[in-house]
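Visitor: I am new to this structure and would like a close look at one part of it. Please take me through the place where the two chains meet, and then through a few single residues.

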Amino acid sequence: MLTPHTTYQKIDKMGNILSASFAPECDEKKATYDACFNSWYTEKFLAGKSITNECEELWHEYKECIDIALVKRGMVKMMEEAREEASFENSGIPQNHDEAKK
Amino acid sequence: MKLYSSEHHFDYPWTTITAANWQKYPNEMSSHVIGVDVLRREVYPETKILRTERLITCKQPVPKWLSMLTGGDNISYVREVSEVDLVNRTLTLRSNNMTMNHLLSVYEVVVYRPDPEDPNRTIFKQEAEITAYASFRRLCDKIEDFSVERFGQNALKGKIGFEGVLHYLDSEWIENRYLKHVRKELNVVTQEATEIVSDVTKKTSVILSEVNELTSEVISEVAGKTSGAIQEVSEKTSSVLSEVTDITSKTNSVLYQVTRLVKGGIFRGSND
């Protein structure tokens, strides 16, 4: 059995774990947004203190970078097809799938 | 189509699990995951559901015979839609591979829910449907078998990796909470100390000004009384002196008269 340990590849100045973007040029914006989201999620959303997404402004900045990266890498069509097959509105359940949405 | 399913538990509360889910990658057991991006995220206030669409980027070695069919690229993309349901306390993640899905489709549903018997435990349930679309039945079977086997291996690695992240985050949170607590206590103590110091200062200054006032009053009273007394004494002294002078002069005149009378023999004559 392997023992989990706590060394990670990307750690920022504050000691937080950084998870990378598929597009390295968006790493920084992603890290900024993630930090905001994670604290909102643990301190506010889970505590039932806030049900409005408070980090939206940072997300839009990050999203802009991602959208450009998707176009550059020719991934837009792939994304569109996947979204059609299992829409966000339908919780990601594929079409013609008999799974009951709870 | 083949199914893979597994169920186990984590010794962490559901809330911790859901928070860690956003920080799950990278972890040392899932080095094949090289990127996680949030493509869309919405909060539904009426149902208290947080829905997120993520793009997961993997770099996975593909067996040679399969890469001949798929082309050389070993980067693959997975799209995941997840829901945190605060009311029903479930975290559901549904994901589909977007790469090579004309050959092989993997649809995975993972649900995390609190253990009804132990709130510090979370039940994990994973189900996957694996479908191969290649035209030869035997090839399909082979691909499916390989994929099921691979899925099982990765699922175990994923669990171990997640445990590592949970362990790390848990200790970090405890530390943060403790630090926050200490900071709060320090603030209270500092405030109390400041209040006490300012109170003492205020009281000291009041007492000092009272002492000053009293001292100056006493001094002025003493000074007043002293000067009065001195004046009185000097007045009395001078009146006593003038009285003494008076008496002296009277005594002198009486003595003079007595001397004259004695000299003149008045006593003798009158006795005759």
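Guide: What follows goes through the interface and then turns to three residues. The model is a predicted one.

The size of an interface is often given as the accessible area lost when the parts come together. Here chain A and chain B bury about 4,500 Å² between them, and carbon and sulfur atoms account for 61% of that area. On the chain A side, 50 residues take part in the contact, and on the chain B side 51 residues do.

Some of the pairing across the interface is polar. Between chain A and chain B there are 17 residue pairs in polar contact, counted where both residues have pLDDT 80 or more. The elements of chain A that each give two or more residues to the side touching chain B are α1 (27–45), α2 (56–72) and α3. Of these, α1(A) supplies the largest share, 9 residues. Sorted by class, that side of chain A holds 27 nonpolar, 15 polar and 8 charged residues.

Salt bridges are also found across the interface of chain A and chain B, 2 in number. One of them joins B:Glu53 to A:Arg83, with the closest N and O atoms 2.9 Å apart.

Now to the single residues, beginning with two that share a backbone feature. Most residues other than glycine have a negative phi. A:Ser91 is not a glycine, yet its phi is positive, at about 60°. This serine lies in the segment after α3 (76–85) of chain A. A:Ser91 counts as buried because its relative accessibility is 0%, and buried means under 20%.

B:Lys48 is another residue other than glycine with a positive phi, in this case near 55°. Its place is the loop of chain B that runs between β2 (33–44) and β3 (49–59). With a relative accessibility of 36%, B:Lys48 counts as partly exposed, since that class lies between the 20% and 50% limits.

The third residue is B:Gln126, which sits in strand β7 of chain B, residues 118–132. B:Gln126 has a relative accessibility of 5% and therefore counts as buried. Its side chain makes a polar contact with the side chain of B:Glu108, at 2.7 Å. Neighbours within four places in sequence aside, B:Gln126 is in contact with B:Tyr4, B:Ser5 and B:Ser6, with B:Glu108, B:Val109 and B:Val110, and with B:Phe151 and B:Ala155. B:Glu108 thus appears both in the list of contacts and as the partner in the polar contact.

How values were computed:
Residues numbered from 1 in each chain as written. Chains lettered and ligands numbered in written order. Predicted model: local features only at pLDDT ≥ 70, side-chain atom pairs only at ≥ 80, totals over all residues. Heavy atoms only, no water. Helix = DSSP H or I, 4+ residues; strand = E, 2+ residues; numbered from the N terminus. Buried < 20%, exposed > 50% of the residue type's maximum accessible area, 1.4 Å probe, protein only. Contact = heavy atoms within 4.5 Å. Buried area = accessible area lost by both parts, 1.4 Å probe. Salt bridge = Lys/Arg side-chain N within 4 Å of Asp/Glu carboxyl O. Polar contact = N/O pair within 3.5 Å; in protein donor to acceptor, adjacent residues only side chain to side chain. Nonpolar A, V, L, I, M, F, W, Y, C, P; charged D, E, K, R; others polar.
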